[in-house]
Amino acid sequence: MDVAIVGASMTPFGERDAWIRELLAEAGRACLDDAPVGREAVEHLYVSNMASGELEGQTGTMNALAHDLGVLGAYAERVDQTSASGAAGVYEAWQSVASGASEMTLLVGGEKMTHRETAETSDVVASVTHPVEYKHGVTLPAFGGMAARLYMEEYDVPRESLARVAVKNHANGALNPDAQFQKAVDLETVLESPVVNDPLRLYDYCPVTDGAAALLFCPVAVAEEYTDEYVRVAGVAGATDTHVVHERPDPLALSAVAESGRQAYEMAGWEPTDVDVAELHDMVTVLEPLELEALGFAERGEGWRLAEDGTTARDGDLPVNPSGGLKARGHPLGATGVAQAVELYWQLRGEAGERQVDCERGLATNVGGFGNCVITTLLEAGAA
């Protein structure tokens, strides 16, 4: 069964006073207000969230949200796939409609993180690593530094090319009123910021963020009863890689990204050249070129050139992260994959304001761990 998206919303990302329950309700209400149907139509409710129990002591968020949104009676479920929880929620919501189990499914993803010290938050996120890696103090930002060093040495990549990813995504975020950082930065600022994990610096990494985002799914046939401005889910697929990163034959290959992309392309009948715009998981700058290579947009070792030559700029042949990406829009873990799809929904409907790009088909890739689990989603503008 073909599946459509008929409503979307996103709270402002950044440091928020609201707690997780309030953030989820804020996004959920805005999505239902945006949709052409009433809340009584909601049959399934999914909540994407990684760590509300660890960070806030709040569990049972799906039941609380059903109450807060007035959709009691709906089936409710929490989806956790670490930092890919948001896109895993997209997969679950798509599956609930495509299988015929639900005719109207609401997905809300969110995370509350900024009330804890950065070291505490990093420790919770680092718990996704293998116990042996965790025991030796490995964190996801540390993986980013090691991958960047290997990428630069293996493929003779200039350090400046990774910094250009941050410059590009900050420029995009400056045009996004919901982004955490709405300020452009220059190359010198990125290269002279404090070292975090050599060779990467502060501006190579995404921030700690609060926020939530939501989407409403239904069959295309139902969507066409209400509107001719829906977005269709053309493809969605997930894949996994080794839990121990150093067991991978090539740590730069991101095989789960490649496999999820391959399956999503096959489901949609697309090639990489069919994609007009992409939202990629730039938790750290080096991930953007590595994902471009794994998804077939560049040859191995050549992904860094796309930021250098302007291909991935907002006015380039393949705009990447027009929202600002995780780097500037922010990265509230459970919300990120949903927010990526929300950005594509707005772009495909021509509702992205100053950051609007010319597009009819979009791709989003959401990464858990350091490529441990990945979901790729393909969306296209619908037509009644």
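Ala, Val, Leu, Ile, Met, Phe, Trp, Tyr, Cys and Pro count here as nonpolar, Asp, Glu, Lys and Arg as charged, and the others, Gly among them, as polar. The views show a predicted model, in which local features need pLDDT of at least 70 and side-chain atom pairs count only at pLDDT 80 or more, while totals for chains, interfaces and linings use all residues. Residues are numbered from 1 along each chain as its sequence is written, and side-chain values use heavy atoms, with hydrogens and water left out.

**View 1. The largest pocket and its centre.** The largest pocket (an open set of points on a 1 Å grid over the protein atoms alone, where a 1.4 Å probe fits, with protein on both sides within 12 Å along at least five of seven lines) has a volume of about 600 Å³. That volume is the space filled by probe spheres set on the points, which are joined across faces, edges and corners. Its lining, meaning residues with an atom within 4 Å of a point, counts 26 residues, and Pro141, Tyr205, Cys206, Pro207 and Val208 lie nearest the centre.

**View 2. The lining of the largest pocket.** Helix H5 (118–126), helix H7 (140–155) and strand E5 (195–197) each supply at least two residues, where helices (H or I, at least four residues) and strands (E, at least two) are DSSP runs numbered from the N terminus. H5 gives the most, with five residues, and the lining comprises 15 nonpolar, ten polar and one charged residues.

**View 3. The second largest pocket.** This pocket has a volume of about 200 Å³, and its lining includes Phe143, Met146, His246 and Phe370. H7 gives the most to this lining, with four residues.
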